[in-house]
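Here is a friendly walk through the inside of a protein model, from its packing to its cysteines. Have the viewer open as you read.

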Amino acid sequence: MKYTLAFIVFCLFAYNGYTQLQETNPIRINQLGFYSYAPKTAIVVGNTTADHFYVIGLPGTDTIYRGLLTAAIASANSSLTTRVANFSTVTQPGNYVLAVPGLAPSYAFRIGRQVQYPVAVAALKGFYYQRASMPLEAQYAGQWARPAGHPDNIVFVHPSAASGKRPAGTVISTPGGWYDAGDYNKYIVNAGISMGTLLSAYEDFPGYFDTLKTNIPESNDKIPDLLNEALYNLRWMLSMQDPYDGGVYNKCTNASFDGMVMPGVTKLPRYVVQKGTAATLDFAAVMAQCSRITSRMGKQLPGLADSCLRAAKKAWQWALKNPALAYDQTAMNKQFEPVITTGAYGDRSFTDEWCWAAAELYSTTKNKEYASVLAERINDTLALPSWGNVRMLGFYTLLRNQAGVDKSLQPAVQMLQQRLLLFADSLLAPVAQNAFQTVMGRSRRDFNWGSNANAANQGIALVNAYFISKNEKYLQGALSNLDYLLGRNATGYCFITGIGSRSTLHPHHRPSVADGIAAPVPGLLAGGPNPGRQDKCPYEFTEPETAYADSDCSYASNEIAINWNAPLVCLATALEALQYAAGYSKP
Ligand code: 9MR
């Protein structure tokens, strides 16, 4: 269908005008695009008098679809009002813009198969750019190549971590692993949830990951790249366990944060600090999960599964002797020197870590010892995973590995399935009233430090509900949150560096700030709207869903972190892997 010449001319004019403007486009849309047979929604923000919208094919000016905007919806999470443009009936593969008379057209987007592949692969590659202790070479890192930083082969045992065989000042070696975030420290608690999330993605879709390549140095070996990447961090984690007692240090860290410089510029002393229950149980969980996965890869990874399981069991034993040892950095600093001021990840409740570690160890060994701890925890309340609450990772694992589960646990596992579906239903219930029609934003509490990880983790919970029920409504919810992260949100940003037309450009990420390259390191998920604004930086907008500053000052809304990237990898790869089974794409 052709539309009127006047309208076409208007659109093109507005489009050219728009590309010179830096302000946010009022049409909020997934900036990558849509699977042909999946739901397609854009959100028009602000007061528009037009009632119609148009989907226009590119290149050219053909109006492919004309639709009605809904009535205005007042957002519960800001003072914005929105109108919804649904164009799910457009299925023809191609490139498009969405236009509303009187407004600049949307960014161009694609309809077709594998449309979320760029974000899936970039988010996984993001971990490579976080690697400590090795140079990033141009053939893998492109313009973001850099020398190695933080060798971590001379690391001091901090007085808080002293033990008989390793007194304060002992030198140990804990090289490798990923930098946690925008800073250059390495924290076991946060590595734990990140690894658990990535390894779960692998366990859910091993076939998909067999062929997913990220162009990393290990890409030509016989191991999937997701596992290659995870193993880089796993080997570091193994070195964080005290071999004499099985306890695991909380972190490998500077005393205080490095300045905004490239890795390796500062050569300040590094320490391992205090062992703790959360770190040790998270470690046990990751090692048990990795053992289960790599036990089928004895040829490629000889001995690894056994080493991981031994490390997991040893950590578990230490935790039994120290069942609730919190990492309290303030208290620690009153007692020991040097004072440590880097991130704390100071968790104080451990029932969730016990649950996760028990679930992983049980699923790997089917040993009764772990079953009994699991039985105590299996009816605990469901909550989205976060670094301070990892219970759900244990539940996902249990559901995934329920074949052969002990009879005594079976009724609780059945119930867990039903409870997860109810949890997922509670995520879906408010979507219709949501001004952005996403699961994200069901409550103002969704917008905290690292809010974008909530969006991704909600999506993963829904994917798990889909595994149980095969009900496509859960995947729609998951897709709505991927749309959110890719631009259908109150800020108008795609929150993944290097993806989409208007994405995060100035993350609080030391290499991106210091490397002298205009474009940020790609594939990294910004923290997202956080009205707490703990960084005290200037924010143009301050309401729950708009409190986001694309500025490297803003560590409370614009840092990147491995525990935010990991659920993004998991969500994007799940949808890519499921697109055919769900009928969203035709092979
Ligand atoms: O993600 C963490 C967030 O939940 C906390 O509120 C915040 C303050 O303690 O710390 C965040 O984690 C940071 C960590 O402590 C150090 N590396 C950067 C992390 C992301 O900002």
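Leaving aside neighbours within four places in sequence, which residues is I496 in contact with? I496 contacts V119, L485, L486, S503, G523, L524, L525 and L568, where contact means heavy atoms within 4.5 Å.

A word on the basis: this is a predicted model, in which local features need pLDDT of at least 70 and side-chain atom pairs count only at pLDDT 80 or more, while totals for chains, interfaces and linings use all residues. Residues are numbered from 1 along each chain as its sequence is written, and side-chain values use heavy atoms, leaving out hydrogens and water.

The largest nonpolar core (buried Ala, Val, Leu, Ile, Met, Phe, Trp, Tyr and Cys residues joined through side-chain atoms within 4.5 Å) has 143 residues, of which L234, M237, W316, L485 and I496 touch the most other members. Another core, of 18 residues, lies apart from it and includes A42, F53, V55 and F109.

Now to the cysteines. There is one disulfide (a pair of cysteine sulfur atoms within 2.5 Å) by this rule. It joins C537 to C553, with an S to S distance of 1.9 Å. The torsion about the S-S bond of C537 and C553 is about -90°, so this disulfide is left-handed.

The table gives burial by relative accessible area (buried under 20%, exposed over 50%, partly exposed in between, with a 1.4 Å probe and protein chains only).

| Cysteine | Relative accessible area | Class |
|---|---|---|
| C537 | 7% | buried |
| C553 | 33% | partly exposed |
| C252 | 0% | buried |
| C494 | 0% | buried |

Why is C252 without a bond? The closest cysteine sulfur, in C308, is 19 Å from that of C252, too far for a bond.
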